[in-house]
Amino acid sequence: MRKNRKLPYVPESVRTEYGFSFAKNTAYGCGGNAKVAYFPAGARQLAAVYDFLLFNEIKFVTLGNGTNVLASDRDFDGAVISTIDLKGIYRTGANTLFCRAGTKVAALLKYCAGNGFGGLEYLAGIPATCGGLVLMNGGAGGKYVGENTVGVKIYDGKFRRLSNKSCRFGQKYSVMRDKDCVIFGAELSFTPDSPENIRAKIAERLAARAGQPSGRNCGCVFKNAGGTSAGRIIDEAGLKGLSVGGAFVSEKHANFIINTGTSSSDVFALIKEVKRAVSEKTGIVLEEEVVYIGDFNDSFG
Ligand code: EPU
């Protein structure tokens, strides 16, 4: 049948996966399936996928590396737009570069080290794509990528460029979290430095992270609160080691929940239990930094 070229459609060239498993594609290693996942590899493909989903009123979630998310055990009756095929980095000015959303932080830093682009070493070891990193204003050691973001290119039916200011970066927050948009890429600033210096700083950061908990986890579950480490707050509330099913609060860093099982419901119930216990013991209401995907039937408050 001839396609009606006036209606949005997904070109056959777009990589597509039916029955996309969140368990296989997220750091927690649990969660049900989405009906379909699209992997656009360029601006045109991204626009086509987005327009198709919107036109057909198919709900969707955007996924990068799947590091900072917890997907429900229930199947997701919609689509995933995966950004992992949106790869590429190029220089845009004397001290700026553009990286597409699916570029891994490790690839970005390799590129930076090779070209003498310094100032982004604090990102070393963050297991994210650049899209997810910018969306969440990720960072480490008191520095956050919003500080290096000149602008972000998004698609929301049109390609738009958001300035740093209009991204409204905050603690694990950018305005892109509240928009029905997909991040296509970000323009980041750098400071020229020698490749040797950059590599040494990256190695330093990686060594500093070596003490972080291992096992299946999403990094920090909660945002820091009132200028205090959420890990310290949870620790002082005596919750290290607390568990629900296969999920437990790390003994190494209390803001990490390690999942040894296969149930998102266990991880979810533990998050809510930590929140409840901290609130009861300290009066502090912790706020999740982890992003939920799908239906959790949140009866825990
Ligand atoms: N602390 C405890 N007990 C714990 C954890 C921490 O007493 O269980 C204490 C530490 O001893 C230290 C202080 O709390 O004195 C701060 O700890 P840390 O340096 O680990 O920093 P954080 O504020 O807990 C933040 C980020 C981390 C990032 C680290 C290091 C947030 C929510 N967390 O943690 O990011 O790796 O700094 O730069 O912003 C993430 O983004 O997923 C993440 C883990």
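**Helix 3 and its neighbours**

I started with what helix 3 packs against in this predicted model. Its buried residues touch strand 6 (89-93), strand 7 (96-100) and strand 8 (117-118), and also helix 4 (130-135), strand 13 (182-189) and helix 6 (195-209).

Next I looked up which residues make those contacts. Helix 3 covers residues 105-115, and its buried residues are Val105, Leu108, Leu109, Cys112 and Ala113. Looking down the helix axis, I find these buried residues within an arc of 130°, so they line one face of helix 3. The spacing made me recall the textbook rule: an α-helix has 3.6 residues a turn, so residues three or four places apart point the same way.

Then I turned to the other side. Ala106 and Lys110 are exposed, and they sit on the face of helix 3 turned away from its buried side.

I also checked what follows the helix. Glycine 116 comes after helix 3, and its phi is positive, near 75°.

**Salt bridges**

How many salt bridges does the structure hold? I get 13. I noted down a few.

*Lysine 172 and glutamate 289.* Their side chains meet in a salt bridge at 3.1 Å, N to O. Lysine 172 is in the loop between helix 5 (164-167) and strand 13, while glutamate 289 is in the loop between helix 8 (264-282) and strand 18 (291-293), so this pair ties together parts that are 117 residues apart in sequence. Buried or exposed, I wondered, for lysine 172? With a relative accessibility of 15%, lysine 172 counts as buried, because the cut-off for that is under 20%. Glutamate 289 has 5% relative accessibility and counts as buried too.

*Aspartate 193 and lysine 201.* This salt bridge has an N to O distance of 3.4 Å. Here I find aspartate 193 partly exposed, at a relative accessible area of 23%. Lysine 201 also counts as partly exposed, at 38% relative accessibility.

*Glutamate 288 and lysine 275.* The closest N and O atoms of this salt bridge are 2.9 Å apart. I placed glutamate 288 in the loop between helix 8 and strand 18, and lysine 275 in helix 8, with their positions 13 residues apart in sequence. Both glutamate 288 and lysine 275 are buried. Which residues share this network? I find Lys272, Lys275 and Glu288 joined into one network by salt bridges that share partners.

Notes: Residues numbered from 1 in each chain as written. Predicted model: local features only at pLDDT ≥ 70, side-chain atom pairs only at ≥ 80, totals over all residues. Heavy atoms only, no water. Buried < 20%, exposed > 50% of the residue type's maximum accessible area, 1.4 Å probe, protein only. Helix = DSSP H or I, 4+ residues; strand = E, 2+ residues; numbered from the N terminus. Arc of directions from axis to C-beta. Contact = heavy atoms within 4.5 Å. Salt bridge = Lys/Arg side-chain N within 4 Å of Asp/Glu carboxyl O.
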